[in-house]
Protein chains: 2
Amino acid sequence: MLYAIFAAMQNKPSLYTILSPGLLNLYDVSDSIVVIIDVFRATSTIATALYNGAEKVIPVSGVEDCIAIGSKLNAITAGERDGKVIEGLQHGNSPAEYYREFIEGKTLVLTTTNGTKLLHMALENGASEVITGSFPNLSAVCGHLVQQGKNVILGCSAWKNRFNMEDTLFAGAVIESIKEHFTIQCDSSLMAEDMYHLHKRDLYSFVQRTSHWHRLAAYGLEKDLQYCITADVANVLPVYKDGALALQ
Amino acid sequence: MLYAIFAAMQNKPSLYTILSPGLLNLYDVSDSIVVIIDVFRATSTIATALYNGAEKVIPVSGVEDCIAIGSKLNAITAGERDGKVIEGLQHGNSPAEYYREFIEGKTLVLTTTNGTKLLHMALENGASEVITGSFPNLSAVCGHLVQQGKNVILGCSAWKNRFNMEDTLFAGAVIESIKEHFTIQCDSSLMAEDMYHLHKRDLYSFVQRTSHWHRLAAYGLEKDLQYCITADVANVLPVYKDGALALQ
């Protein structure tokens with residue numbers, strides 16, 4: 001009996017949670033699906049734009065790249081600093097800006113600092129697939145990970161490499177949903193699941209205690225933030241391929 | 001009224017929690033007291049040896065340094081790999097080995113990998129004081145931090161830079177005890193306090209789910225581990241000065 005349990009555990013793929021891009025190099029991501037998580041707000045906005053019919057979303061780290069690619073592809077350029085659209089770009093980082101009538105059939109070039117950095121690190125380290133996750137597409141992410149049956153890395157984008165709460169809570173939501181399908185021996189995952197379990201019924205009031213909330217709420221973005229912690233309101237699966245995120 | 005609260009907050013020193021030595025460089029530790037936390041088992045053993053009358057404890061990262069310094073000072077050398085005393089050293093890492101009749105008046109040279117690395121990083125980055133913390137000396141650490149009234153960094157030693165649960169739980173125990181005296185705007189601290197609050201009544205059963213427990217319990221160290229999460233059983237304050245930890 002014990003042997004059977006052990007054998008069953010051995011056959012399950014592994015799942016690890018990485019709390020910051022600064023810790024990614026400690027993990028073997030080769031042959032793994034890496035889920036890029038940037039809840040406030042990049043990966044929530046990406047899911048929303050694709051859900052509303054965007055052809056693809058190109059994530060870039062720099063403003064100059066954003067302008068150059070946007071110009072070349074005749075695409076929408078987007079990015080914010082301190083709650084305002086960056087000079088030279090057309091739109092902001094709010095998911096609310098990317099409703100169907102506006103974004104359908106278009107390409108969005110989005111500047112994000114934390115998420116894009118992690119995405120490129122994952123690719124350089126040999127990830128077999130990179131997808132993006134956030135509460136708006138929670139179920140799509142979970143369904144895909146279970147269906148693929150490969151090793152998984154839940155990658156929190158953090159804030160300038162500092163641990164953040166909201167990305168960890170999303171990792172916890174994924175773990176709570178899919179843990180029976182994976183071998184999980186990782187304190188970060190144990191903590192993430194506990195934190196999500198502890199706060200899932202008061203997520204909105206709890207995230208108001210986080211450092212990121214304080215930064216963004218100062219710019220009047222409470223409605224955005226509430227949307228970004230709402231499950232399955234843009235339930236699609238963004239997959240990275242040939243430099244862009246798109247639906248398969 | 002609001003202004004008064006704000007002014008009071010401004011006057012309180014800051015407190016941050018660092019979840020891994022790999023994230024230390026993101027924080028300004030200058031003019032701060034850095035608490036080195038390595039619950040399983042280095043900082044628990046350090047507190048215990050000093051509580052039982054050791055003159056000082058010299059933390060070193062390498063085995064060769066340990067042997068050389070031990071020989072020069074005619075001191076006790078200690079270190080383990082995979083649950084066994086390292087060849088060339090005299091004793092292990094267990095706090096149980098350092099009872100009063102054995103350690104009183106002696107110098108202990110202790111090899112630790114995770115904790116020593118963090119300690120040296122803190123010094124290089126300009127920490128004003130470095131102390132060590134663990135459940136056995138919880139109250140001594142808390143009392144000192146409140147009494148000094150300086151900025152505080154709670155530094156988790158982690159495991160080869162990976163987040164670990166037990167160091168985070170100790171950070172949470174400190175925060176729960178002293179938070180009213182500090183300005184805390186840090187998601188790591190928010191999480192640490194939550195995790196401690198959630199598990200403080202079942203600490204022993206909870207840590208049995210952690211990755212470090214699984215590593216060490218395989219070597220039959222359950223009794224050690226239980227001691228290492230017991231508060232105030234070696235309630236002294238190890239302070240780093242001139243290359244060694246000693247009581248002031």
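In this predicted model, A:Glu104 sits in the loop of chain A that runs between α4 (100-103) and β7 (107-111). It has 13 C-beta neighbours inside 10 Å, so A:Glu104 counts as partly exposed. Leaving aside residues up to four places away in sequence, A:Glu104 touches A:Asn52 and A:Gly53. A:Arg209 is another matter: A:Glu104 and A:Arg209 are 105 residues apart in sequence, and their C-alpha atoms are 35 Å apart in space.

A:Leu138, in helix α6 of chain A, has 20 other C-beta atoms within 10 Å and is therefore buried. With residues up to four places away in sequence set aside, A:Leu138 touches A:Ala173, A:Ala231 and A:Asp232. A:Ala246 lies 108 residues from A:Leu138 along the chain, with 16 Å between the two C-alpha atoms.

The contact of A:Leu138 with A:Ala173 belongs to a helix pair. Two packed helices are described by the angle between their axes and the distance between the axes. For helix α6 (residues 138-148) and helix α7 (residues 165-178) of chain A, the axes come within 10 Å and cross at roughly 50°, which means that α6(A) is oblique to α7(A). The crossing of the pair α6(A) and α7(A) is right-handed. On the α6(A) side the contact uses A:Leu138, A:Val141, A:Cys142, A:Leu145 and A:Val146, and these meet A:Ala173, A:Val174, A:Ser177 and A:Ile178 of α7(A). Sorted by class, the contact of α6(A) with α7(A) comes out at 8 nonpolar residues, 1 polar and no charged ones.

Over in chain B, helix α7 (residues 165-178) pairs with α8(B), the axes coming within 7 Å and crossing at roughly 90°. That angle is why α7(B) is described as roughly perpendicular to α8(B). From α7(B), the contact draws on B:Thr168, B:Leu169, B:Ala171, B:Gly172, B:Ala173, B:Ile175 and B:Glu176, while α8(B) supplies B:Ser189, B:Ala192, B:Glu193, B:Met195, B:Tyr196, B:His197 and B:His199. The class split for the contact of α7(B) with α8(B) is 7 nonpolar, 5 polar and 2 charged.

Helix α5 (residues 114-124) of chain B has a run of buried residues: B:Asn114, B:Gly115, B:Thr116, B:Lys117, B:Leu118, B:Leu119 and B:Ala122. The partners of the buried residues of α5(B) are β2 (32-37), α2 (42-51), β3 (56-60), β8 (129-133), β9 (151-156) and β10 (239-241) of chain B. Just past the end of α5(B), B:Gly126 adopts a positive phi of about 90°.

Then there is the interface. The contact between the chains takes 23 residues from chain B and 23 residues from chain A. On the side of chain B that touches chain A, helix α8 (residues 187-199) of chain B gives the most, with 7 residues. By class, that side of chain B holds 10 nonpolar, 8 polar and 5 charged residues. Chain B superposes on chain A by a rotation of 180° with 0.0 Å of shift along its axis, at an RMSD of 0.0 Å. The two copies are therefore related as by a two-fold rotation axis. Both copies use the same surface, as 100% of the contact residues of chain B recur in chain A.

Across the interface, helix α8 (residues 187-199) of chain A packs with α8(B) at an angle of about 80°, the axes being 11 Å apart, so α8(A) and α8(B) are roughly perpendicular to each other. A:Met191, A:Asp194, A:Met195 and A:Leu198 in α8(A) meet B:Met191, B:Asp194, B:Met195 and B:Leu198 in α8(B). The contact of α8(A) with α8(B) has 6 nonpolar residues, 2 charged and no polar ones.

Finally, some backbone oddities. Most residues other than glycine have a negative phi, and most peptide bonds are trans. In chain A, a cis peptide bond with omega about 0° joins A:Phe40 and A:Arg41, and A:Arg41 is in the loop between β2 (32-37) and α2 (42-51). In chain B, the bond from B:Phe40 to B:Arg41 is cis, with omega near 0°; B:Arg41 is in the loop between β2 and α2 of chain B. B:Asn161 is not a glycine, yet has a positive phi of about 75°. It lies in the loop between β9 and α7 of chain B and, having 19 other C-beta atoms within 10 Å, B:Asn161 is partly exposed. B:Asp242, also not a glycine, has a positive phi of about 50° and sits in the loop between β10 and β11 (244-246) of chain B. With 7 C-beta neighbours inside 10 Å, B:Asp242 counts as exposed.

How values were computed
Residues are numbered from 1 along each chain as its sequence is written. Chains are lettered from A and ligands numbered from 1 in the order in which they are written. This is a predicted model: local features need pLDDT of at least 70, side-chain atom pairs count only at pLDDT 80 or more; totals for chains, interfaces and linings use all residues. Two residues are in contact if their C-beta atoms, placed from the backbone, lie within 7 Å. Helices (H or I, at least four residues) and strands (E, at least two) are DSSP runs, numbered from the N terminus. Ala, Val, Leu, Ile, Met, Phe, Trp, Tyr, Cys and Pro count as nonpolar, Asp, Glu, Lys and Arg as charged, and the others, Gly among them, as polar. Copies are superposed by least squares on the C-alpha atoms of residues with pLDDT of at least 70 in both. Axes are lines fitted to C-alpha atoms, for helices over the stretch in contact, and angles run from 0 to 180 degrees between N-to-C directions. Angles under 35 degrees count as roughly parallel, over 145 as roughly antiparallel, 65 to 115 as roughly perpendicular and the rest as oblique. A crossing is left-handed if the near helix is turned anticlockwise from the far one by less than a right angle, and right-handed if clockwise. A residue is buried if 20 or more other C-beta atoms lie within 10 Å of its own, exposed if 12 or fewer, and partly exposed in between; C-beta atoms are placed from the backbone.
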